[in-house]
Amino acid sequence: HTTADFEYAETLHFTENAVQKAIEVLHNGATVITDTNMALAGISKPGLKKLNGEALCFMADPAVAQSAKESGTTRAVAAMHKAAKEYPGAILAVGNAPTALFAIAEEIVIGVPVGFVNVIESKENIFAVCEKHHVPAIVAFGRKGGSTIAAAVCNALIYSAAEMLDPTARGWK
């Protein structure tokens with residue numbers, strides 16, 4: 001619905017039990033961490049509240065910027081390292097920064113960055129690593145993706161976990 005692009009039916013790949021594992025951690029009040037404030041804005045806060053969860057983004061955190069500068073990496077990588085360290089078990093949703101995918105492979109991963117540089121490689125790499133190590137992952141192969149897709153995948157999981165798939169359960173009439 002977010003894109004009206006039916007190719008996602010072919011390009012969206014799931015490791016074994018990825019959806020079930022994500023719903024399980026959401027039922028336990030998981031934190032969702034995004035690589036952009038745009039994806040953060042699109043995630044259903046009422047759904048997360050119902051699950052005692054929260055959504056965060058560290059891209060604008062001054063400590064993340066300093067860490068990236070000191071280590072000679074991107075803010076996306078530094079933000080994901082911070083997320084993994086401070087929020088073990090979080091759902092990490094990457095919709096914009098392929099470099100962030102190279103930095104994570106121990107949590108539940110949503111890998112849907114968009115673009116031309118390192119996008120295909122980062123998605124294929126993270127999916128293979130996640131599959132090998134039995135880390136739940138949902139990855140959109142190819143160049144398509146973005147913050148809106150990251151938020152849409154998160155919302156689909158949140159709505160499933162919070163039993164809000166029926167629009168009336170979300171307050172729609």
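**Exercise 1. Locate Lys 82 in this predicted model, decide whether Lys 82 is buried or exposed, and list which residues Lys 82 is in contact with.**

Step 1. Lys 82 lies in helix α6, which covers residues 75–86.

Step 2. The relative accessible area of Lys 82 is 19%. A residue counts as buried when this value is under 20%, and therefore Lys 82 is buried.

Step 3. When the neighbours within four places in sequence are left aside, Lys 82 is in contact with Phe 58, Asp 61, Val 64 and Tyr 87.

**Exercise 2. Describe helix α5 from its N-terminal end to the residue that follows α5, and classify Gln 66 by its relative accessible area.**

Step 1. Helix α5 spans residues 62–71, and its N-terminal end is capped by Asp 61, from which a side-chain oxygen lies 2.7 Å from the backbone nitrogen of Ala 63. Asp 61 is also one of the contacts of Lys 82.

Step 2. Within helix α5 we find Gln 66, whose relative accessible area is 39%. Because values from 20% to 50% fall between buried and exposed, Gln 66 is partly exposed.

Step 3. Gln 66 and Ala 78 are 12 residues apart along the chain, and their C-alpha atoms are separated by 9.0 Å.

Step 4. After α5 comes Gly 72, which has a positive phi, near 70°.

**Exercise 3. Work out which way the residues of strand β5 point, and which strands pair with β5.**

Step 1. In a regular strand the side chains alternate between the two faces of the sheet. In strand β5, residues 108–111, Ile 108 and Ile 110 point one way, whereas Val 109 and Gly 111 point the other way, and all of them are buried.

Step 2. Strand β4, residues 91–94, pairs with β5 in the parallel sense over four bridges, and here Ile 91 stands opposite Ile 108.

Step 3. Strand β6, residues 137–140, also runs parallel to β5 and is joined to β5 by three bridges, with Ile 110 standing opposite Ile 138. Between β5 and β6 the chain passes through helix α8, residues 119–132, and this β-α-β crossover is right-handed.

**Exercise 4. Explain how the two faces of β6 are covered, and in which sense β6 pairs with strand β1.**

Step 1. On one side of β6 are Ala 137 and Val 139, on the other are Ile 138 and Ala 140, and since all four are buried, both faces are covered.

Step 2. Strand β1, residues 12–14, pairs with β6 in the antiparallel sense over three bridges, and the bridge partner of Phe 14 in β6 is Ile 138. Ile 138 is the residue that also stands opposite Ile 110 of β5.

**Exercise 5. Judge how compact the whole protein is.**

Step 1. The protein contains nine helices and six strands. Its radius of gyration is 15 Å, close to the 16 Å that the globule rule gives for 173 residues, so the protein is as compact as a globular protein of that length.

Step 2. The C-alpha atoms fill a box of roughly 50 × 35 × 30 Å along the principal axes, and 48% of the 173 residues count as buried.

Step 3. Among contacts between residues at least 6 apart in sequence, 57% join residues at least 24 apart.

Step 4. The protein exposes about 8,900 Å², of which carbon and sulfur atoms supply 55%.

Methods. Residues are numbered from 1 along each chain as its sequence is written. This is a predicted model: local features need pLDDT of at least 70, side-chain atom pairs count only at pLDDT 80 or more; totals for chains, interfaces and linings use all residues. Side-chain values use heavy atoms; hydrogens and water are left out. Buried means under 20% relative accessible area, exposed over 50%, partly exposed in between (1.4 Å probe, protein chains only). Two strands pair if DSSP finds at least two bridges between them. A crossover is right-handed if, with the strands pointing away from the viewer, the path from the first strand over the helix to the second runs clockwise. A polar contact is a pair of N or O atoms within 3.5 Å; within protein, one must be able to donate a hydrogen and the other to accept it, and residues adjacent in sequence count only if both atoms are side-chain atoms. The radius of gyration is taken over C-alpha atoms; the globule rule is 2.2 Å times the number of residues to the power 0.38. Contact means heavy atoms within 4.5 Å. Accessible areas come from the Shrake-Rupley method with a 1.4 Å probe; for residues, only the protein chains shown count as cover.
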